[in-house]
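The following exercises concern strand pairing and the nonpolar core. Please work through each task before reading its solution.

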Amino acid sequence: MQGTVATYDAATRSGTLLLDDGTELAFPARAFDASGLRLLRLGQRLRVETDVTGAVVRVTLPTMA
């Protein structure tokens, strides 16, 4: 699943993504921390990994494995 960064707070390391179907999806700091990324920009495309409950567990660049 992929989305576009709609909001990102560098202080809390959390934000929201706008998925391709228009749904907003929040991601917590632990999902950003698991990515290995240092920062995000508004409008940046990300790949989203979720657990079985649908909670976001990691966000990464689409080109990263």
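**Exercise 1.** Determine how many residues lie between β1 and β2 in their hairpin, and establish how the two strands pair.

*Solution.* Four residues separate β1 from β2 in the hairpin, and Arg13 in the turn has a positive phi of about 60°. Strands are DSSP runs (E, at least two residues; helices are H or I, at least four), numbered from the N terminus. Pairing requires at least two DSSP bridges between two strands; β1 and β2 are antiparallel, with six bridges. Thr4, for instance, has Leu18 in β2 as its bridge partner.

The model is predicted: local features need pLDDT of at least 70, side-chain atom pairs count only at pLDDT 80 or more, and totals for chains, interfaces and linings use all residues. Residues are numbered from 1 along each chain as its sequence is written, and side-chain values use heavy atoms, leaving out hydrogens and water.

**Exercise 2.** Derive the strand order of the open sheet and identify its edge strands.

*Solution.* First, β2 is joined to antiparallel β3 by four bridges, where Gly15 stands opposite Phe27. Next, three bridges connect β1 with β4, again antiparallel; there Gly3 is partnered by Leu46. The five-stranded order is β3-β2-β1-β4-β5. The edges are β3 and β5, each pairing on one side only.

**Exercise 3.** Which residues touch the most other members of the largest nonpolar core?

*Solution.* A nonpolar core comprises buried (under 20% relative accessible area, 1.4 Å probe, protein chains only) Ala, Val, Leu, Ile, Met, Phe, Trp, Tyr and Cys residues joined through side-chain atoms within 4.5 Å. Among its 14 residues, the answer is Leu17, Phe27, Leu40, Leu46 and Val56.

Definitions and conventions. Buried means under 20% relative accessible area, exposed over 50%, partly exposed in between (1.4 Å probe, protein chains only).
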